[in-house]
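Visitor: Hi, could you walk me through this structure? I am new to this, so plain sentences would help.

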Amino acid sequence: MRHGHVDYFAPDVRVRGTDHVPLTALGREQALAGGIALSHVRFDIALSSGLPRTQQTAEIEIGRAHV
């Protein structure tokens, strides 16, 4: 699954670079919707890259973070 929505053109992203792009509010909503859609699935393990946007998506989808 791909990460939720991000804004690659936000002022702070343009300064810090795309490796530090967090989810937008829409991206957090999308991750929450993905978590709801997958709520019937029991995960043994969840993996993501080290990028903030992928970690945030995974944490929200498996219910370990608050939106």
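Guide: What follows is a short tour of a predicted model, going from the overall fold to some of its parts.

Visitor: OK, how many helices and strands does the protein have?
Guide: The protein has 3 helices and 0 strands, and reading along the sequence gives the pattern α-α-α. Along its principal axes, the C-alpha trace spans about 40 × 20 × 20 Å.

Visitor: And what share of the residues is buried?
Guide: Of the 67 residues in the protein, 27% are buried. Among these buried residues is a set that forms the largest nonpolar core, which has 7 members: Val 6, Ala 10, Val 13, Val 21, Leu 23, Ala 31 and Ile 60. In soluble globular proteins, nonpolar side chains tend to be buried together.

Visitor: What does Val 6 touch?
Guide: If we set aside residues up to four places away in sequence, Val 6 touches Val 21, Pro 22, Leu 23, Thr 24 and Arg 53.

Visitor: Arg 53 sounds like part of a helix. Which residues of helix 3 are buried?
Guide: Helix 3 covers residues 52-61, and its buried residues are Arg 53, Thr 54, Thr 57, Ala 58, Ile 60 and Glu 61. Seen down the axis of helix 3, these buried residues fall within an arc of 165°, so they line one face of the helix.

Visitor: Why would residues a few places apart point the same way?
Guide: An α-helix has 3.6 residues a turn, and therefore residues three or four places apart point the same way.

Visitor: What do the buried residues of helix 3 pack against?
Guide: They pack against helix 2, which runs over 25-37. Just after helix 3 comes Gly 63, which takes a positive phi of about 80°.

Visitor: Switching topic, where is Asp 19?
Guide: Asp 19 sits in the loop between helix 1 (11-16) and helix 2. Although Asp 19 and Arg 53 are 34 residues apart along the chain, their C-alpha atoms are separated by 8.8 Å. Leaving aside neighbours within four places in sequence, Asp 19 is in contact with Leu 51, Pro 52 and Arg 53.

Visitor: Last one: what is the volume of the largest pocket, and how many residues line it?
Guide: The largest pocket has a volume of about 240 Å³, and 13 residues line it, with Met 1, Leu 47, Thr 57, Ala 58 and Glu 61 lying nearest its centre. By class, the lining of this pocket has 7 nonpolar, 4 polar and 2 charged residues. Thr 57, Ala 58 and Glu 61 have come up before, since they are among the buried residues of helix 3.

Notes
Residues numbered from 1 in each chain as written. Predicted model: local features only at pLDDT ≥ 70, side-chain atom pairs only at ≥ 80, totals over all residues. Heavy atoms only, no water. 1 Å grid on protein atoms, 1.4 Å probe; cavity = no way out; pocket = protein on both sides within 12 Å on 5 of 7 lines; lining within 4 Å. Points joined across faces, edges and corners; volume = space filled by probe spheres on them. Nonpolar A, V, L, I, M, F, W, Y, C, P; charged D, E, K, R; others polar. Core = buried A, V, L, I, M, F, W, Y, C linked by side-chain atoms within 4.5 Å. Buried < 20%, exposed > 50% of the residue type's maximum accessible area, 1.4 Å probe, protein only. Contact = heavy atoms within 4.5 Å. Helix = DSSP H or I, 4+ residues; strand = E, 2+ residues; numbered from the N terminus. Arc of directions from axis to C-beta.
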